[in-house]
Amino acid sequence: MQATKKYRKSARPGGLVGLDWRSAREQLLAAIDPAQRSAVAALLAQRSGGGAGLRMWLRVLVSQSRALPEALPSGLVAIYLDDPEAVPLHDCAHCGLAVPVRPNRFGYDGEPERVYFPECPCCGARTGLYAYWSTPNELHLAAAAPPCADKA
Ligand SMILES: [Zn+2]
């Protein structure tokens with residue numbers, strides 16, 4: 001019981017400064033193509049079933065201070081809408097954008113069953129497991145939102 005309390009206390013301070021779940025959700029939805037927005041909002045509102053990857057993506061945004069482009073490629077969002085198993089386990093080495101993969105049947109470790117974006121759909125840099133975190137800071141794009149045009 002005590003370990004649970006400690007975990008809860010330490011989990012929040014590491015989160016994105018000034019951005020709570022609701023604000024992050026609004027920012028994410030605003031960056032999504034209007035044609036996809038209501039489907040994404042409906043999946044985010046679910047507590048179970050479809051949309052686990054989208055909810056995980058939102059959690060990444062809140063907890064890891066990730067910047068989000070003003071406009072996300074519809075092809076990126078479509079993966080979450082089309083593949084209920086897609087989760088944002090990979091990220092871009094350069095801009096930090098989280099990108100979805102379909103994990104293998106054993107879980108999140110190891111090679112994913114499917115890598116949708118070996119290159120970032122926003123900046124073109126390589127993606128991978130912890131790619132952003134294993135890249136020296138001087139090679140990261142500035143803290144500003146990553147540039148992105150819809151290339152779908
Ligand atoms: Zn990128």
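Leaving aside its neighbours within four places in sequence, V40 is in contact with L29, I32, L54 and V77, a set of partners described here for a predicted model. V40 itself has its place in helix α3, and it counts as buried because 22 C-beta neighbours fall inside 10 Å, where 20 or more are required for that class. Of the contacts listed, the one with V77 joins residues that lie 37 apart along the chain, their C-alpha atoms being separated by 8.3 Å.

The wider setting of this residue is a protein chain whose secondary structure comes to 5 helices and 4 strands. Read along the sequence, these elements follow the pattern α-α-α-α-α-β-β-β-β. Among the 152 residues of the protein chain, buried residues make up 32%. When contacts between residues at least 6 apart in sequence are considered, 62% of them join residues at least 24 apart.

In the helical part, V40 also takes part in the packing of helix α3 on helix α4, as one of the residues that make this contact. Helix α3 spans residues 34-45 and helix α4 spans residues 52-63, and their axes come within 8 Å of one another while crossing at roughly 85 degrees. Because angles of 65 to 115 degrees count as roughly perpendicular, α3 is roughly perpendicular to α4. On the side of α3 the contact is made by V40, L43 and L44, and on the side of α4 by L54, R55 and L58. By class, the residues of this contact divide into 5 nonpolar and 1 charged, with no polar residue.

Helix α2, which comprises residues 21-31, has A24, R25 and L28 as buried residues. These three cover an arc of only 100 degrees around the axis, and they are therefore placed on the same side of α2. Such an arrangement may be read against the geometry of the α-helix in general: with 3.6 residues a turn, residues three or four places apart point the same way. On the other side of α2, by contrast, R22 and E26 are exposed. The buried residues of α2 pack against both α3 and α4, and these are the two helices whose axes cross at roughly 85 degrees.

The strands form a set of antiparallel pairings in which β1 and β2 each have two partners. Strand β1, at residues 87-92, is mostly covered, with 6 of its 6 residues buried. Strand β1 runs antiparallel to strand β2 (residues 98-102), to which it is joined by 3 bridges, and V87 of β1 stands opposite V101 in β2. In the hairpin of these two strands, which has 5 residues between them, G96 takes a positive phi near 85 degrees. A further 3 bridges join β1 to strand β4 (residues 127-129), again in the antiparallel sense, and here the bridge partner of C92 is T127. Strand β2 is likewise mostly covered, 4 of its 5 residues being buried. Strand β2 also pairs with strand β3 (residues 114-115) in the antiparallel sense over 2 bridges, with R102 standing opposite R114 in β3.

Within strand β1, V87 provides a link between the strands and the helical part of the chain. V87 is found in β1 and counts as buried because it has 22 C-beta neighbours inside 10 Å. Apart from its neighbours within four places in sequence, V87 is in contact with A52, G53, M56, P100, V101 and P103. Of these partners, A52, G53 and M56 belong to the stretch of residues 52-63 that forms helix α4, whereas V101 is the residue opposite V87 in β2. The separation of V87 from A52 amounts to 35 residues in sequence and to 7.3 Å in space, C-alpha to C-alpha.

The segment after β4 contains Y130, a residue that has a positive phi of about 60 degrees although it is not a glycine. This value is set apart by the general expectation that most residues other than glycine have a negative phi. Y130 is exposed, because 11 other C-beta atoms lie within 10 Å and a residue with 12 or fewer falls in that class.

Notes
Residues are numbered from 1 along each chain as its sequence is written. This is a predicted model: local features need pLDDT of at least 70, side-chain atom pairs count only at pLDDT 80 or more; totals for chains, interfaces and linings use all residues. Axes are lines fitted to C-alpha atoms, for helices over the stretch in contact, and angles run from 0 to 180 degrees between N-to-C directions. Angles under 35 degrees count as roughly parallel, over 145 as roughly antiparallel, 65 to 115 as roughly perpendicular and the rest as oblique. Two residues are in contact if their C-beta atoms, placed from the backbone, lie within 7 Å. Ala, Val, Leu, Ile, Met, Phe, Trp, Tyr, Cys and Pro count as nonpolar, Asp, Glu, Lys and Arg as charged, and the others, Gly among them, as polar. Two strands pair if DSSP finds at least two bridges between them. The arc is that of the directions from the helix axis to the C-beta atoms.
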